Number of protein chains: 2
Amino acid sequence: MQDRPDYDRGMDRVKATARESVPGRAVMHDVARLAGVSHQTVSRVINGHPNVRDATRERVLKAMRQLDYRPNALARGLATRRSRTIGVLGFDAELYGPSSTLLGIQRAAQEQQYAITVVTLSEKDTTGSVDRAVGMLAEQSVEGVIVIAPSSAAAHAVRDLPRGLPVLALEASFGRDMRVVVVDQYNGARLATRHLLDLGHRTVWHIAGPSDWPEALQRMEGWRAALDDAGVPAPPTLTGDWSARSGYEAGRRLAAIPGVTAVFVANDQMALGVLHALNEAEIDVPGQVSVVGFDDMPEAEYFVPALTTVRQDFNEVGRCGLRTMLDMIDGSDVASETRVSPTLIVRASSDRPPAVD
Amino acid sequence: MQDRPDYDRGMDRVKATARESVPGRAVMHDVARLAGVSHQTVSRVINGHPNVRDATRERVLKAMRQLDYRPNALARGLATRRSRTIGVLGFDAELYGPSSTLLGIQRAAQEQQYAITVVTLSEKDTTGSVDRAVGMLAEQSVEGVIVIAPSSAAAHAVRDLPRGLPVLALEASFGRDMRVVVVDQYNGARLATRHLLDLGHRTVWHIAGPSDWPEALQRMEGWRAALDDAGVPAPPTLTGDWSARSGYEAGRRLAAIPGVTAVFVANDQMALGVLHALNEAEIDVPGQVSVVGFDDMPEAEYFVPALTTVRQDFNEVGRCGLRTMLDMIDGSDVASETRVSPTLIVRASSDRPPAVD
DNA sequence: GGCCGGAATGTGAACGTTCACAATTCGGAT
DNA sequence: ATCCGAATTGTGAACGTTCACATTCCGGCC
């Protein structure tokens, strides 16, 4: 013990100090020592294993409390090969729909003690960003991936995901066999269009979302179907990018077309733009033109005028998505498609068409 | 080797199979074997350690590509004691500000190859939710915590966080010595109020946010300071909860008060509600009453009328917050407060007061 | 009173990395 | 030729859990 030169022993001290400079968090072993049991018993208590004597359990719990012990999720994930983390493949935009869906997922995950890792795909730079996104997800060893994004961008990404990983798409239908949770966009759009026709409009115009978003397509189909049912020819569609700005531009074009009395807009943000454009053109809503949106964002009720729209329960989609994902993970078989129904909310922006002179 | 009974060896086979039922991801050892080097050399290549011969590096990289190898973040985090994860303590609400700040953090984190774990505090059930939130953060062994939430709720949580953990507050100032990134709300509010006074309004009313949000307080102070500077007495304030609905209610009350010609509303969503209420009361904006908001959400430009407001660059706050956090983590000293400046955006909702008869 | 079986506990080896240090190789200067 | 020191590579032990299995304890039964 005494045969080492002093400087050498000094080094040891320095190193030891550097290692555990701060007391750091207590680990399972510390708890075990304090409670006078083995680490395995501590583990059993944590995981609620039945075969632990009550007295022992108490001692361990007390020690845990005393040391403010927290199990280390990293170590646990490594040993158990379950990270308790779900990856979300999102889209880099401030859209009401996707972001509230994310919130729903987030809430549900928190309840289930799962963590969420969000990775976003940027619109441009598709190839690089997809690689990196998939890479991150794979490295984090997520237990599953929930996709909230237009298929065009995400389809690539999904292909590259490690195989065997559960994948769930929200609001989209990829060709692959993949579970899906969706709002019934088609019927929502029908509802909206039908509402306008029922009010007496000769036809209904449509401002659609970007064609690479499945939602946009389905809403368009629903609109068209409602017109077909009524035996009304479909006017040409205008297309926006979901933003209020693009809605405004479409609205301006619409304002220049004579005879337009009703518009079904594919989301509320664009509908706001349309209202703005019509107001600017001194066209009265709903006196001269009726406008119906889609989503029912919280602000829609306070647009001027209050917007008639189709409510989607994004929060529910998110919750439901997470629940489904968890089912997929522990192998319960799940319905391959879950539908959430939208409802029509009638407010002040839709009314009967102006009397024809 | 042959001295074990057959059934025993059989058992082994079964277990082995169960263990590696799926080929699973390649691990470092597999790469090492394929490249004919030790696992440590592979590690060196991954981490860009300099002392690796070019030829060796190439062989390793090739093996990695061939096996589609991904380092396991869990194992890495465990060994290195750095999780490359930042915790975000958020607030469970669909507010424009916080959620775009989060988006900014998220974007910046992704660039830096950091993961984000979001934990939200729900408004009610404060005690329980705080415990759980802090617990999750601690278990995930985050390297730091960014707080985006009103101080009242978050203050508790912050206190319980493991000590030694870097904490950064966005848009808030806790008493503790804690780094902060803020938009200069005070001056933003002054700008807005001043703008209205400059237009000739005798005074400016204010609809404030909830009093436990620091932003709300600072905006109110800025408003009051501007009035003081002009030697104008401050009318009583109304208070909302950031939502369009609460803005609408405040707007209705305001509409009933004679002589109001200018209102500064603490955020755009409430301002929308105010516009709606005024429109309903057939009060012309900006003809009879001018309205100025705060935030400049993308929709504000398309309100009816287009909203004059104060722009905050939330995205920048988020980015800046993450950058600061990373600096804190690797010990660079950082300014204890970083300010981002807001700018006034004048649109159609503000104008000169109506001529007095 | 010994023995049996289940409950309760302990032991050592994973999990997939990085760290600390030891061993080997290599190019040149002696 | 020989040896030195730096560059390169390898070895074994962490990191903090859980898993598989071994061991001990204990009550009751023949």
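# A tour of two chains and two DNA strands

Start with helix 5 of chain A: among the elements here, this helix gives the most to the surface near DNA strand D, with 5 residues. Keep in mind that this is a predicted model.

**DNA strand D**

Select DNA strand D and show what lies around it. There are 26 residues surrounding DNA strand D. Which come closest? They are Met28(A), Ser43(A), Ala75(A), Ala79(A) and Gln40(B). Color the elements next. Helix 3 and helix 5 of chain A, with helix 3 and helix 5 of chain B, each give two or more residues to this surface. Now color by class. The surface near DNA strand D has 11 nonpolar, 12 polar and 3 charged residues.

**DNA strand C**

Move to DNA strand C. Here 25 residues lie around the strand. Gln40(A), Met28(B), Ser43(B), Ala75(B) and Ala79(B) come nearest. Select helix 3 (39-46) and helix 5 (73-80) in chain A, then helix 3 (39-46) and helix 5 in chain B. Each of these supplies at least two residues of the surface near DNA strand C. Which helix gives the most to this surface? Helix 5 of chain B does, with 5 residues. By class, the surface near DNA strand C holds 11 nonpolar, 12 polar and 2 charged residues.

**The two chains together**

Show chain A and chain B side by side. Chain B superposes on chain A by a rotation of 180° with 0.0 Å of shift along the axis, and the RMSD is 0.1 Å. That is the relation of a two-fold axis. To find the axis, select Leu74(B). In chain B, its C-alpha is the nearest to the axis, at 2.6 Å. The same surface serves both copies, as 100% of the contact residues of chain B recur in chain A.

Now select the contact itself. Chain B gives 45 residues and chain A gives 45 residues. On the side of chain B that touches chain A, six elements of chain B give two or more residues: helix 5 (73-80), helix 6 (96-111), strand 2 (115-121), helix 7 (126-139), helix 11 (244-255) and helix 12 (268-280). This side of chain B has 20 nonpolar, 18 polar and 7 charged residues.

**Inside chain A**

Hide chain B and the DNA. Chain A has 13 helices and 12 strands. Of its 357 residues, 48% count as buried. Take the contacts in chain A with a separation of 6 or more: residues 24 or more positions apart account for 71% of them.

**The six-stranded sheet**

Select strands 2, 1, 3, 4, 5 and 11 of chain A. In that order they form an open sheet of 6 strands with parallel pairing. Strand 2 (115-121) and strand 11 (337-340) stand at the edges, each with a single partner strand, so one side of each is left without a neighbour in the sheet. Neighbouring strands of this sheet are turned by 20° against each other on average, direction ignored.

Zoom in on strand 1 (residues 85-91) of chain A. It runs parallel to strand 2 of chain A, and 7 bridges join the two. Which residue of strand 2 is the bridge partner of Val88(A)? It is Val118(A). Then add helix 6 (residues 96-111) of chain A. This helix lies across strand 1, strand 2, strand 3 (144-147) and strand 4 (167-170), and runs at about 175° to strand 1 of chain A.

**The four-stranded sheet**

Next, select strands 7, 6, 8 and 9 of chain A. They form an open sheet of 4 strands in that order, with parallel pairing. Strand 7 (238-239) and strand 9 (290-292) are at the edges with a single partner strand each, so one side of each has no neighbour in the sheet. Strand 6 (residues 205-208) and strand 8 (residues 262-265) of chain A pair in the parallel sense over 3 bridges. Look for Ile207(A), which stands opposite Val265(A) in strand 8.

**Four stops in the loops**

Select Pro286(A), in the loop between helix 12 (268-280) and strand 9 of chain A. A cis peptide bond joins Val285(A) to Pro286(A), with omega about 5°.

Go on to Pro305(A), in the loop between strand 9 and strand 10 (309-311) of chain A. Val304(A) and Pro305(A) are joined by a cis peptide bond, with omega about -5°.

Asp296(A) is in the loop between strand 9 and strand 10 of chain A. Its phi is near 55°, a positive value in a residue other than glycine. Is Asp296(A) buried or exposed? It counts as buried, with 23 C-beta neighbours inside 10 Å.

End at Gln113(A), in the loop between helix 6 and strand 2 of chain A. Gln113(A) is not a glycine, yet has a positive phi of about 60°. Gln113(A) is exposed, with 12 other C-beta atoms within 10 Å.

Key:
Residues are numbered from 1 along each chain as its sequence is written. Chains are lettered from A and ligands numbered from 1 in the order in which they are written. This is a predicted model: local features need pLDDT of at least 70, side-chain atom pairs count only at pLDDT 80 or more; totals for chains, interfaces and linings use all residues. Copies are superposed by least squares on the C-alpha atoms of residues with pLDDT of at least 70 in both. Two residues are in contact if their C-beta atoms, placed from the backbone, lie within 7 Å. Two strands pair if DSSP finds at least two bridges between them. Axes are lines fitted to C-alpha atoms, for helices over the stretch in contact, and angles run from 0 to 180 degrees between N-to-C directions. Ala, Val, Leu, Ile, Met, Phe, Trp, Tyr, Cys and Pro count as nonpolar, Asp, Glu, Lys and Arg as charged, and the others, Gly among them, as polar. A residue is near a molecule or strand if its C-beta atom, placed from the backbone, lies within 6 Å of it. A residue is buried if 20 or more other C-beta atoms lie within 10 Å of its own, exposed if 12 or fewer, and partly exposed in between; C-beta atoms are placed from the backbone.
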